[in-house]
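Me: Got a minute to go through a model with me? I'll put it up here.

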Amino acid sequence: MPTIESIIDEIDHLRPVSDIAGKVMTLLDDPDCGMSDLSEIIRHDPALTTNVLKLANSAYFGLPGKIYDAKQAVVYLGMTQVVDLVILVSCSESYNGSHAGYGLSTGELWKSAVSGAILANDLAEIKGLKQTSLLFTGALLRDIGKVVLDQYVKSAIEPIMSRVKSQAMAFTEAERQVLGFDHSQVGAMVAKNWHFPVSLQCILRYYHRPLEAKGCFLEASIVHMADALCRKMEIGLGVDDPSYTEDNRVGRSLGLQVSQIQGIIDGFGRKLDGVNALFSIG
C-alpha cells in the first residue's frame, strides 16, 4: 500500500506544470494587471511562447495575418483564451501514455480532461462567472491524481472493485479504504505542490462530492457536472466511472435548464474537434 512519503515522491517525479501557468492564472484575479503583464510573463518561457504562438497561428483560430509574439496573441485572442491555451500546453505532457490501473488506454485520460474543461467552461459562461479559466483548469486537472495513483490502483484493483460491487460504493471511497488515499485527494496534493491557488486545490479535492466543499461549492459543482456530462457522452470511461452517480441536489443548485445542458452537448463536438486538431489527437 502507498505511504504518504511514496505519494509525495510520485508527485515530485510527475512532470510539473510550469510555474508560469500558475502565475498567469493569478493575473485574472488582479484588476491592476492587463494584456501587457500576461504577454511579459509568457515571454519568459521560450518553449511556452513557441507553443502558444503555434496554437494561435493554427487554422482553428483563423486569425488575420501572422502572430509573431505573445502580446499579439493576447490582443487577438483575449486574456482568458490565452490563459486557457497556456494551461492546456502546460498540462498536456502530464497525461501522456495509458493508465491501465483505471482501465484507460493511451490518450483516453487526456481526452476526458480536455472534454471536461470545455464543458466546464461552457457551464461557467452560462452561469455568468468571470473566472472561467479557474473552472477550465479545475476540470482539466480533475483526474491528475490518477496519474500518480495508477500503479497502486493497478496492483490493488481486485479488492477495490470488490468493495465497489459488494457494497455499492463509489470508486473513490473504495480507493480510500484500500489505498488510504483517493485520486481526488492526491489531485489536490498535486495542485498544492505546483503552487496553484487554494481555490483550485479545493475544486480538485471536492468535485466528486461538491456538497462537502467549503469555499468552492459552486466551482466544484460545475466541475462535477462537467464530469457527469463526460460520462453521459461516454468520453474516457474507465473502470471507476460506473460507480459514480450524479447528485441531483448539485444539478438543482446550479439552476440549469434542460435546454441549456442540451445546447452545451450539441455544440461540444465541434469544440472538441478543434482542440483535438490543435494537439493532433483523435
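Me: Leaving out residues up to four places away in sequence, what does Lys127 touch?
Reply: Keep in mind that this is a predicted model. With those neighbours not counted, Lys127 touches Ile222, Leu254 and Leu256.

Me: And where does Lys127 lie?
Reply: Lys127 is in the loop between α7 and α8, with α8 covering 132–140.

Me: How far is Lys127 from Leu218, in sequence and in space?
Reply: In sequence they are 91 residues apart, while their C-alpha atoms are 9.8 Å apart in space.

Me: Is Lys127 buried, exposed or partly exposed?
Reply: Partly exposed, because its relative accessibility is 34% and that class runs between 20% and 50%.

Me: OK, new topic. How many aromatic pairs does the structure hold?
Reply: It holds 2. One of them is Tyr95 with Trp110, with ring centres 6.1 Å apart and planes at 45°, so that pair is tilted.

Me: Which parts does the Tyr95 and Trp110 pair tie together?
Reply: Tyr95 sits in the loop between α6 and α7, and Trp110 is in helix α7 (108–126), so the pair links parts 15 residues apart in sequence.

Me: Are those two buried or exposed?
Reply: Tyr95 counts as buried at 2% relative accessibility. Trp110 is buried as well, with a relative accessible area of 6%.

Me: What about Tyr102 and Phe171, what are the distance and the angle there?
Reply: That aromatic pair is tilted too, at 5.9 Å centre to centre with 50° between the planes. Tyr102 is in the loop between α6 and α7 and Phe171 is in helix α11 (residues 171–179), so this pair ties together parts 69 residues apart in sequence.

Me: Buried or exposed, Tyr102 and Phe171?
Reply: Both Tyr102 and Phe171 are buried.

Me: While we're in the loop between α6 and α7, what is His99 in contact with, leaving aside neighbours within four places in sequence?
Reply: His99 lies in that loop. Its contacts, with those neighbours left aside, are Leu104, Leu109, Val147 and Asp150. His99 counts as buried, because its relative accessibility is 4% and the cut-off is under 20%.

Me: Switching to helices. How do α4 and α6 cross?
Reply: The axes of α4 (residues 46–56) and α6 (residues 79–91) come within 10 Å and cross at roughly 120°. That angle makes α4 oblique to α6. The crossing of α4 past α6 is right-handed.

Me: Which residues make the contact?
Reply: From α4 they are Leu48, Asn51, Val52 and Leu55, and from α6 Leu85, Val86, Val89 and Ser90. The residues of that contact divide into 6 nonpolar, 2 polar and no charged.

Me: Last thing, backbone. What is the phi of Ala168?
Reply: Near 50°, which is positive in a residue other than glycine. Most residues other than glycine have a negative phi. Ala168 is found in the loop between α10 (157–167) and α11, and at 71% relative accessibility Ala168 counts as exposed.

Me: And what about the phi of Glu234?
Reply: Glu234 has a positive phi of about 60°, although it is not a glycine. Glu234 lies in the loop between α14 (217–232) and α15 (248–254). With a relative accessible area of 62%, Glu234 is exposed.

Terms used
Residues numbered from 1 in each chain as written. Predicted model: local features only at pLDDT ≥ 70, side-chain atom pairs only at ≥ 80, totals over all residues. Heavy atoms only, no water. Axes fitted to C-alpha atoms, helices over the stretch in contact; angles between N-to-C directions. Helix = DSSP H or I, 4+ residues; strand = E, 2+ residues; numbered from the N terminus. Parallel < 35°, antiparallel > 145°, perpendicular 65-115°, else oblique. Left-handed = near helix turned anticlockwise from the far one by under 90°. Contact = heavy atoms within 4.5 Å. Nonpolar A, V, L, I, M, F, W, Y, C, P; charged D, E, K, R; others polar. Phe/Tyr/Trp six-rings, centres within 6.5 Å; stacked < 30°, edge-to-face > 60°. Buried < 20%, exposed > 50% of the residue type's maximum accessible area, 1.4 Å probe, protein only.
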